[in-house]
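Student: Could you take me through a close look at a single residue here, and then place that residue in the chain around it? I would enjoy one connected walk rather than a list.

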Amino acid sequence: MPPEPDPVTETFAFACGDCGETWESTFRVMFFPDPAASAGPPGPAAQEYVDEDGNALRSPLAAAVCPKCGGRTVHVMAPGFADRAHAAEHPPRPHHEHSLHLPHRHRAAGPPPDGGG
């Protein structure tokens with residue numbers, strides 16, 4: 001019986017082309033050696049992705065679905081890229097400084113109080 005492969009984790013960022021939603025998901029990647037290649041040199045290993053809920057997927061890149069709108073026009077990016085793109089589109093606003101506002105006295109219309117005019 002072959003040993004259980006050690007999982008490797010990979011994180012992908014996704015952006016929905018339909019609604020603009022962005023999200024990141026982390027997957028465990030399991031690499032299984034090809035049993036037919038055991039007699040010869042090691043061949044390419046089969047890989048399987050396991051999502052955060054434990055569901056096995058062939059590739060999260062091929063069948064990504066937007067969790068917000070269910071759209072399938074999903075773009076895959078490097079982790080953190082969606083957050084950086086969102087921050088670039090919505091730059092932080094400068095902090096508004098509050099100052100003390102005192103009531104103003106309004107003078108009645110007429111000559112100035114010093115009698116000039």
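Tutor: Gladly! Let's start with one side-chain contact: the side chain of aspartate 51 reaches the backbone nitrogen of aspartate 53, at a distance of 3.0 Å. Keep in mind as we go that this is a predicted model.

Where does aspartate 51 sit? Its place is the loop that links β3 (46-50) to β4 (56-57). Those two strands form a hairpin with 5 residues between them, and in the turn glycine 54 has a positive phi of about 90 degrees. On the strand side of this turn, valine 50 has alanine 56 in β4 as its bridge partner. In total, 2 bridges join β3 to β4, and the two strands run antiparallel.

Now for the surroundings of aspartate 51. What is the nearest side chain of opposite charge, and how far away is it? It is arginine 28, at 7.5 Å. A salt bridge would need a side-chain nitrogen of Lys or Arg within 4 Å of a carboxyl oxygen, so arginine 28 is too far away to make one with aspartate 51. Aspartate 51 is thus a buried residue with no salt bridge. Setting aside neighbours within four places in sequence, aspartate 51 is in contact with Thr26, Phe27 and Leu57.

One of those contacts, Thr26, takes us on to the next part of the sheet. Threonine 26 is the bridge partner, in β2, of threonine 11. The side chains of threonine 11 and threonine 26 are also joined by a polar contact of 2.9 Å. Threonine 11 itself lies in strand β1 (residues 8-16). Is threonine 11 buried, exposed or partly exposed? It counts as partly exposed, because its relative accessibility is 30%. Beyond residues up to four places away in sequence, threonine 11 touches Glu24, Ser25, Thr26 and Pro79. Arginine 28, which we met as the nearest opposite charge to aspartate 51, is 17 residues from threonine 11 in sequence, with 8.8 Å between their C-alpha atoms.

Serine 25, another residue touched by threonine 11, lies in strand β2. Serine 25 counts as buried because its relative accessibility is 14%. Not counting residues up to four places away in sequence, serine 25 touches Glu10, Thr11, Phe12, Phe14 and Glu52.

Let's step back to the pairing that holds these residues in one picture. β1 and β2 are joined by 8 bridges and run antiparallel. They form a hairpin too, with 5 residues between them, and glycine 20 in that turn has a positive phi of about 90 degrees. Strand β2 (residues 22-32) then pairs with β3 over 5 bridges, again in the antiparallel sense. Within that pairing, phenylalanine 32 has alanine 46 in β3 as its bridge partner. On the other side, β1 pairs with β5 in the antiparallel sense over 4 bridges, and cysteine 16 has valine 74 in β5 as its bridge partner.

Put together, the 5 strands form an open sheet in the order β4-β3-β2-β1-β5, with antiparallel pairing. The edge strands are β4 and β5 (74-77), each of which pairs on one side only. The loop of aspartate 51 therefore leads from β3 into β4, and β4 is one of those edge strands.

The loop between β4 and β5 offers a contrast, and arginine 72 lies there. Arginine 72 is exposed, with a relative accessible area of 64%, whereas aspartate 51 is buried. Leaving aside neighbours within four places in sequence, arginine 72 is in contact with Asp18, Ala63, Ala64 and Val65. Alanine 62 is 10 residues from arginine 72 in sequence, and their C-alpha atoms are 9.8 Å apart.

Finally, the whole chain. Its secondary structure comes to 1 helix and 5 strands, and from the N terminus on the elements run β-β-β-β-β-α. Of its 117 residues, 20% are buried, aspartate 51 being one of the buried residues. Among the contacts with a separation of 6 or more, 43% are between residues 24 or more positions apart. The accessible surface comes to about 9,500 Å², and carbon and sulfur atoms account for 56% of it.

How values were computed:
Residues are numbered from 1 along each chain as its sequence is written. This is a predicted model: local features need pLDDT of at least 70, side-chain atom pairs count only at pLDDT 80 or more; totals for chains, interfaces and linings use all residues. Side-chain values use heavy atoms; hydrogens and water are left out. Buried means under 20% relative accessible area, exposed over 50%, partly exposed in between (1.4 Å probe, protein chains only). Lys and Arg count as positive and Asp and Glu as negative; His and the chain ends are not counted. A polar contact is a pair of N or O atoms within 3.5 Å; within protein, one must be able to donate a hydrogen and the other to accept it, and residues adjacent in sequence count only if both atoms are side-chain atoms. Contact means heavy atoms within 4.5 Å. Two strands pair if DSSP finds at least two bridges between them. Accessible areas come from the Shrake-Rupley method with a 1.4 Å probe; for residues, only the protein chains shown count as cover.
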